[in-house]
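I opened the notebook with the sequence on one side and the coordinates on the other, meaning to go from the whole chain down to single residues. The entries below keep the order in which I looked things up.

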Amino acid sequence: MAPPRLPRQRVGRTALLAALQGVTQRRLTVVSAPAGFGKTTLLTEWHDALQAQGHLTAWLTLDADDDDPQQLGTYLLATLNRGTRGRCAHATDLLRQDPLTPIKTVHGVMLNELGACPEQVYLFLDDFETLGSRHSMAVIVRLLRYAPGNLHLLIGSRKAPALSAGEMWVQEQVLTLNADDLRFTADDAQAFFNGSDGVALDRTGVELLHRATEGWVSGLQLAALALRERGDTQALARELASDQFGIDAYLDSAVLKHMPAATLQFLLRVSILERLCPEVCDAIVGGSSRSWEKLTWLEDHNVFIKALDPQRQWFRFHALMLDALRRRAAVRLSSELPTLHKRASQWFAAQGLWPEAVQHALAGGQIEQAATWAEGCAFALIARSDVRTLLGWFAKLPAELVRHRVRLRLAQAWALSLSFRIQDALHAIATLRQDMQCPELGLTTQGDTDEEHLLHAEVATIHSIVVAWADDAPGALALSQDAAGPDGQSLPWARHFAEAARVFGLAYTAQFDAVRTLVARSHAMLTDEAPLYARTYHCAMLGLSALVEGRLRDATHIFHAALMHAETTVGRDAAAAVLPAGYLVALACERNDIAEAQRLMAGRTTMAMTACPLGSLLRFCWGAARVHARSGDLASALVLLEEGREVATEREWLRLRAGCDAEAVRLLLSAERRHEAQAVIENLRPLMPASLPHPAGSFLETWHSWQVMQARVAMAHGQAAHAQALLTQLGGTLSGTGMRYIQAITQLLLAMSLEQRGACAAAQAQLGLALAHAAQEPMCASFIDEGEPMLRLLRTHVQETSPDTPTHAVAQALLAQAPSASPHQPRQTPPVGTPSPALSAREVEILRHISQGLSNKEIARALRVAPETVKWHLKNIFEKLNVGSRIEAVQNGLGLMRPPTG
């Protein structure tokens, strides 16, 4: 993250330095040329000049390991924060504290922070050709597309980068320099040879070598080195210009062949390193190798080595030199190379430089040592929520190495689960448990030792949280009981997840008293040293338990405390903040505080869909859809619910799917779109069991959504008796579960079905039960959003009950809060302005279908294309509009003019 030190003797190139003026006026500068043309030197000179002018500069030298969007995104933030002296502190905290916040969101925060800088910021990316994946390119394209006006990107690459900068080209925001711009002129070559020790050339000789090398800087450098050993300039020029000339072979014959034997032996051994310092060189070569003297000699003689920092502590070879050395080392030192890699790995491990330690251990055939070091740092990465780096490691480690290391596999399961790759995590844990029973794999000793108990407890801990995220409450409870307690965890932060899984299981098995004993500890655990997301998730599960029980006020207090802590720590954009906010959106909507619900959901739809666990996302979708519907924007409500269904399908979350479908059915029926409501039910039916499974756990909420939507459609078709039967049976199922909130919702719907049948007294009795709960908890939207049938029941209740009764006052309050416009007459599509000019006609057509609440499959059928084609178009739409969700795409892309809300 620092530019290499400039050579002590270099040629000042006035024309290229003058091009710096153009750099300051452009958003993107590309210096593209083959190896050896001086790209890095030029960029370093520009970097130093801009820094001297008072601008903020950041530098990142890339390598092949950076061709990963998460690692690349992490390093981009790190170097920009370093180069701007901490101006990206908020984004840095967000990345460090919250593993589920997408790197795209982190970069959004980073760009906002950079935009607030009064200075110009210049980001240098050298060796850009090492990035090849389209995902890595997408990170850079996005950075360019949404960069503030004061951020400039400068790229050094051996080949023209595959960046789609068409718009910037049109606006003349791109400056390019190529090999022809970088070639030395004859005057440059004269200055170069004049500064080369031991080389004396007249103008004729300089021009001869200049023509032979065609101004190629490395060719001239080779010529200078060769001339120290031979004086025949004309013969040398002929060799350089000949068709047989090969740079690799010439390095061998012109440079390495004439090098002092001790220095050459030194170079061959340290060529295993990507970067080198005197200490690691001493460790590799052994004895009193005096590495510092050799590195200084190489630098003084300009032998294709560069200092990477102003203190000249770290160096690297030029790529041409490194290739030549490694070819020779492979032949001359083949038997010695494993030992050299072993020494390098031990030195890097002692410095805590784990990636390089593991890399050299693998290269030296030390598989077990590599695994041990990988294990040691894997849990350190999890502890600081850096699961992105960890997953990148697992993609590179040999499968057999991972398979035989139980703690490495545990770390992999944690990383998968914290990335919401739930099915992958479940498979990893199931396979691990199976392999732990195979003695020949040596994963456990099968002994009755404290270490064995702790290992099995840690497996149960990660298993419990993944099972909880897979929505299996009984399984999570059983596994959490096998997990080690707070004092028995070798990973202290894991206790948050273990206890969260336990709370989830207790809540959905009606053991609310057991949960309440844990709430007193929640504030202290919010402020301990565990990663923020672990603390917030644990606290959110306590709030969920209160919500499931129907204690809406208590739930609001718990979620609000978690939200305030997360926002104070890392800001509102983090996944840790959106987690409690999802629940609070629904709770604010339920108590009819639409303004608060709008504030909580503003700008958070994309993050909710990406990073919220099931329970939070379900409540977010429910509350946000009702907020849109309240404003008359049925289209946005249906689009948001369809987006929730997409997530439910991807993650196999049936409870989320059923909850979104139930709300969609309610909205469609309110708009008298009965056929579409029935189609929603028929699409869900194949996924639902014929009867409620036992134990039901959280599936009871899924079953509630399923029965309620069927009852609604039955009432819409005049089949009140069928609706009554469904709801009566559902009420009996809920009886004794302690889930008073959804029981009250069932009672108010049952009252509507009874009233439709003419059983007015029975209807009032059921309504009274629901109102009794609303008298204790802030429950409003579930009543008034039912429209005129419920308002009629409420008016009757006010007439028939004494003003002294609590339910009478509640009914009056609900009537006072009911919207003046009937929710049965929502505007199905808000006014449409001018679609975004960035979109193609087909993309606009797709957005119009989405605005009608159609799924990808339904759009594909309408357009007669494959569903994957629709997904491809959606991805392009999201990128063009800088949005991350369907609802944002519809509202931004179609220019929907949403009515004012308050």
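What follows are my entries on the chain as a whole, its sheet, a helix pair, the nonpolar cores and a few single residues.

**Entry 1, the whole chain.** I noted at the outset that I am working from a predicted model. I looked up the secondary structure and found 50 helices and seven strands in the protein chain. Of its 902 residues, 58% count as buried. I then turned to the contacts between residues at least 6 apart in sequence, and 71% of these join residues at least 24 apart.

**Entry 2, the sheet.** I asked in what order the strands of the open sheet are arranged. The order is 2-3-4-1-5, with five strands and parallel pairing. The edges are taken by strand 2 (56–61) and strand 5 (174–177), each of which has a single partner strand, so one side of each is left without a neighbour in the sheet. I also looked up the turn between neighbouring strands of this sheet, which is 15° on average when direction is ignored.

**Entry 3, strand 1 and its partners.** I followed strand 1, residues 28–32, to strand 4, residues 151–157, and found the two paired in the parallel sense over five bridges. With strand 5, strand 1 pairs in the parallel sense over four bridges. Going residue by residue, I found Thr29 opposite Leu154 in strand 4 and also opposite Leu175 in strand 5. For Val30, the bridge partner in strand 4 is Ile155.

Are the residues of strand 1 buried or exposed? Five of the five are buried, so the strand is largely enclosed by the rest of the structure. I kept in mind that side chains in a regular strand alternate between the two faces of the sheet. Here Leu28, Val30 and Ser32 point one way, while Thr29 and Val31 point the other way, and all of them are buried.

**Entry 4, a helix pair.** I next examined helix 4 (residues 69–83) against helix 5 (residues 89–97), which pack at an angle of about 145° with their axes 10 Å apart. The crossing of helix 4 and helix 5 is left-handed. On the helix 4 side I listed Thr74, Leu77 and Asn81, which meet Ala89, Ala91, Thr92 and Leu95 in helix 5. Sorted by character, the residues of this contact come out as four nonpolar, three polar and no charged.

**Entry 5, His107.** I located His107 in helix 6, residues 103–115. His107 has a relative accessible area of 8%, and because the cut-off for buried is under 20%, His107 counts as buried. Leaving out residues up to four places away in sequence, I found that His107 touches Gly73, Leu76 and Val139. For the pair His107 and Leu76, I noted a separation of 31 residues in sequence and of 8.9 Å in space, C-alpha to C-alpha.

**Entry 6, the nonpolar cores.** Before looking, I reminded myself that nonpolar side chains tend to be buried together in soluble globular proteins. The largest nonpolar core has 259 residues, and those with the most contacts inside it are Leu125, Ile140, Leu273, Trp414 and Phe783. Helix 33, residues 575–590, gives the most to this core, with 13 residues. A second, separate core has 22 residues, among them Val23, Phe37, Phe124 and Ala179.

Which residues is Phe783 in contact with, leaving aside its neighbours within four places in sequence? They are Leu748, Leu767, Ala770, Leu771, Ala774, Met790 and Leu814.

**Entry 7, backbone exceptions.** I went looking for these with the rule that most residues other than glycine have a negative phi, and most peptide bonds are trans.

- I found Phe420 with phi near 60°, a positive value in a residue other than glycine. Phe420 sits in the loop between helix 24 (406–418) and helix 25 (422–435), and at 7% relative accessibility Phe420 counts as buried.
- I found Asp471 with phi near 75°, again a positive value in a residue other than glycine. Asp471 lies in the loop between helix 26 (450–469) and helix 27 (473–482), and at 18% relative accessibility Asp471 counts as buried.
- I found the peptide bond from His694 to Pro695 to be cis, with omega near -5°. Pro695 belongs to the loop between helix 39 (674–684) and helix 40 (699–716).

Definitions and conventions: Residues numbered from 1 in each chain as written. Predicted model: local features only at pLDDT ≥ 70, side-chain atom pairs only at ≥ 80, totals over all residues. Heavy atoms only, no water. Pairing = 2+ DSSP bridges. Axes fitted to C-alpha atoms, helices over the stretch in contact; angles between N-to-C directions. Left-handed = near helix turned anticlockwise from the far one by under 90°. Contact = heavy atoms within 4.5 Å. Nonpolar A, V, L, I, M, F, W, Y, C, P; charged D, E, K, R; others polar. Buried < 20%, exposed > 50% of the residue type's maximum accessible area, 1.4 Å probe, protein only. Core = buried A, V, L, I, M, F, W, Y, C linked by side-chain atoms within 4.5 Å.
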